[in-house]
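Please open the model in your viewer and keep the sequence panel beside it, since each stop on this tour asks you to select a few residues and look at what surrounds them.

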Amino acid sequence: NITLDLNKGKVTTPIRIRQGDLDGTTIHALILDHGASVDLTGLTAAFVMELPGGEHYYRKTATVGEGTVDVTINETQAASVTGRTTRAYFQFFEGSTMRASTGSVTVDILPDALEGHTVPADYDSAIQDAIDVANGIKITAVTPYTNIDK
């Protein structure tokens, strides 16, 4: 949940997304015009973001509500490059004509801890043993109680 203004004021709290997520972030933005509520009736919107490094961008159609916009981020595309961007905002269109845009919000793109990595060879073998038991590969011996009263 963020508040963005058409006066181009910047949001100080960054949005964080992570590589490896799948539609893991939904941005709900209250849109203002110089601090006052704004009528977005008849407009369409898109969230646009320059990816870190400045070579590529991400664009996604947003849903316009009563003074708000919502967009669910596709991290496969938006988080294809890790780092930080300060160029992320909503655009508003009347037909195919861009009418206005909001101030920017910073987006931090966090790396996936698992992508491209493997478990080290010296990890605790009890983990693999538990996996094997769960998969039915190993059957562990269970000693039944012969005399429960003792």
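Begin by selecting Arg84 and Asp108, whose side chains meet in a salt bridge with an N to O distance of 2.5 Å. This pair joins distant parts of the chain, with Arg84 in strand β8 (residues 83-85) and Asp108 in strand β11, 24 residues apart. Please bear in mind throughout that the model is a predicted one.

Keep Asp108 selected and add Arg16, because the side chains of these two residues also meet in a salt bridge, at 3.8 Å from N to O, within the 4 Å allowed for such a pair. Here again distant parts of the chain are linked, as Asp108 belongs to strand β11 (residues 105-110) and Arg16 to strand β2 (residues 11-18), and the two lie 92 residues apart. With the three residues shown together, you can see that Arg16, Arg84 and Asp108 are linked in a network of salt bridges.

Now switch on the surface and ask of this network: is Asp108 buried or exposed? Asp108 has a relative accessible area of 9%, and it therefore counts as buried, the cut-off being under 20%. Arg84, by contrast, is exposed, with a relative accessible area of 52%.

The next stop is Glu94 with Arg99, which form a salt bridge whose closest N and O atoms are 2.9 Å apart. Glu94 is partly exposed at 44% relative accessibility, while Arg99 counts as exposed at 52%. In the structure as a whole there are 4 salt bridges, and those you have visited are among them.

From here, select Arg87, which is placed in the loop between β8 and β9. Which residues does Arg87 touch, if those up to four places away in sequence are not counted? They are Val48, Met49, Glu50 and Ser104. If you then add Thr106, you will find that its C-alpha lies 6.7 Å from the C-alpha of Arg87, although the two residues are 19 apart in sequence.

Finish at Thr102, found in the loop between β10 (97-101) and β11. Thr102 counts as buried, with a relative accessibility of 2%. Show its neighbours, leaving aside residues up to four places away in sequence, and you will find that Thr102 touches Leu4, Asp5, Leu6, Lys8 and Ile31, and also Tyr89, Phe90 and Phe92.

Key: Residues numbered from 1 in each chain as written. Predicted model: local features only at pLDDT ≥ 70, side-chain atom pairs only at ≥ 80, totals over all residues. Heavy atoms only, no water. Helix = DSSP H or I, 4+ residues; strand = E, 2+ residues; numbered from the N terminus. Buried < 20%, exposed > 50% of the residue type's maximum accessible area, 1.4 Å probe, protein only. Contact = heavy atoms within 4.5 Å.
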